[in-house]
Amino acid sequence: MTNQRTSSFIYKKNGKRYIPDDRELETPKGTTMNTQQSLPIHIAKRFFDLLKFNMTRTKSSMCVAIIKIIESNAQQLAEMKAFLLSEIRKNDVLFHMQEGYVGILLTQSGERETLAFLHRLFKNLNEEIVAHVTEIRNEQAQFPHIIEAAVHYLRHATTRAHIGVNTDYNEPEKEMVK
């Protein structure tokens with residue numbers, strides 16, 4: 001008895017339609033999709049775009065936080081990534097950028113929640129760290145522009161535990177009701 005999955009997402013067994021149980025829908029052993037690792041920036045952009053286009057309808061928000069270790073080396077950056085992975089939620093995405101910078105895509109978080117999260121992080125870290133936060137509540141936001149603005153800001157930030165905020169995208173769009 002082999003299960004067949006047709007292109008219209010209807011499962012069939014012996015030619016009859018049926019609803020599969022949870023065991024049949026599990027991911028095969030050895031394959032994982034894990035956001036609990038530091039992802040390349042181009043993968044984070046895909047997550048960002050997917051979430052961005054859903055925001056108008058769901059009236060949700062997300063934040064992009066870019067963190068820079070002032071005077072960092074490779075070991076400090078690796079330790080920072082490991083620490084951040086232990087602190088972020090499972091639905092958040094940690095991504096790596098150019099040397100000295102780490103980004104976090106905080107899904108379903110506004111500016112207040114993200115700032116509180118960063119302040120908690122800064123209390124637990126001994127590193128010289130600065131950050132930049134952008135809250136996104138509309139589809140006009142472009143990931144490369146957000147990253148570029150954050151890196152530009154952080155290049156000139158020297159005060160420990162300082163957090164810059166970009167408010168360019170935090171006004172929700174008005175949705176036309178059909």
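The secondary structure of the protein, taken from a predicted model, comprises five helices and nine strands, and from the N terminus on these elements follow the order β-β-β-α-β-α-β-α-β-β-α-β-α-β. Of the 178 residues, 39% count as buried. Among contacts between residues at least 6 apart in sequence, 70% join residues that are at least 24 apart.

Six of the strands form an open sheet of mixed pairing, in which the order is β4-β6-β7-β5-β8-β9. The edges are occupied by β4 and β9, each of which has a single partner strand, so that one side of each is left without a neighbour in the sheet.

Within this sheet, strand β8 (residues 129-136) has eight of its eight residues buried, and it is therefore largely enclosed by the rest of the structure. The burial applies to both faces of β8, with Ile129, Ala131, Val133 and Glu135 on one side and Val130, His132, Thr134 and Ile136 on the other. Pairing between β8 and strand β5 (residues 62-69) is antiparallel and extends over eight bridges; in this ladder cysteine 63 stands opposite glutamate 135 of β8, while lysine 68 has valine 130 of β8 as its bridge partner. With strand β9 (residues 163-166), by contrast, β8 pairs in the parallel sense over four bridges, and histidine 132 lies opposite glycine 164 of β9. The chain passes from β8 to β9 by way of helix α5 (residues 143-156), and the resulting β-α-β crossover is left-handed.

The largest nonpolar core contains 24 residues, of which Phe48, Val64, Ile66, Phe95, Ile136 and Ile147 touch the most other members. At least two residues of this core are supplied by each of α2, β5, β6 (93-96), β7 (101-107), β8 and α5, and the largest share, six residues, comes from α5. A second core, separate from this one, has 23 residues and includes Cys63, Leu77, Met80 and Leu85. Cysteine 63, a member of that second core, is the residue that stands opposite glutamate 135 in the pairing with β8.

Aromatic side chains were examined next. A search of the whole structure finds two aromatic pairs. Phenylalanine 48 and phenylalanine 143 form a tilted pair, with 5.1 Å from centre to centre and 45° between the planes. This pair links distant parts of the chain, since phenylalanine 48 belongs to helix α2 (residues 41-58) and phenylalanine 143 to helix α5, 95 residues apart. Both phenylalanine 48 and phenylalanine 143 are buried, and ring pairs join Phe48, Phe95 and Phe143 into a cluster. Phenylalanine 95 is located in strand β6 and, at 0% relative accessibility, counts as buried because the cut-off for burial is under 20%. The C-alpha of phenylalanine 95 is 4.5 Å from that of leucine 39, although the two residues are 56 positions apart in sequence.

Helix α2, which contributes phenylalanine 48 to the aromatic pair, has 18 residues and reaches 25 Å from its first C-alpha to its last, close to the 26 Å expected at 1.5 Å a residue. In this helix Ala44, Phe48, Asp49, Lys52, Met55 and Thr56 are buried, and the buried residues of α2 pack against β4 (39-40), β5, β6, β7, β8 and α5. The helix is followed by lysine 59, whose phi is positive, near 55°.

Beyond the buried regions, serine 72 was considered as a loop position. Serine 72 is found between β5 and α3 (74-87) and, with a relative accessibility of 26%, counts as partly exposed, because this value falls between the cut-offs of 20% and 50%. The C-alpha atoms of serine 72 and glutamate 99 are separated by 8.4 Å, the two residues being 27 residues apart along the chain.

How values were computed
Residues numbered from 1 in each chain as written. Predicted model: local features only at pLDDT ≥ 70, side-chain atom pairs only at ≥ 80, totals over all residues. Heavy atoms only, no water. Buried < 20%, exposed > 50% of the residue type's maximum accessible area, 1.4 Å probe, protein only. Pairing = 2+ DSSP bridges. Right-handed = clockwise from strand over helix to strand, strands pointing away. Phe/Tyr/Trp six-rings, centres within 6.5 Å; stacked < 30°, edge-to-face > 60°. Core = buried A, V, L, I, M, F, W, Y, C linked by side-chain atoms within 4.5 Å. Expected span 1.5 Å × (residues − 1). Contact = heavy atoms within 4.5 Å.
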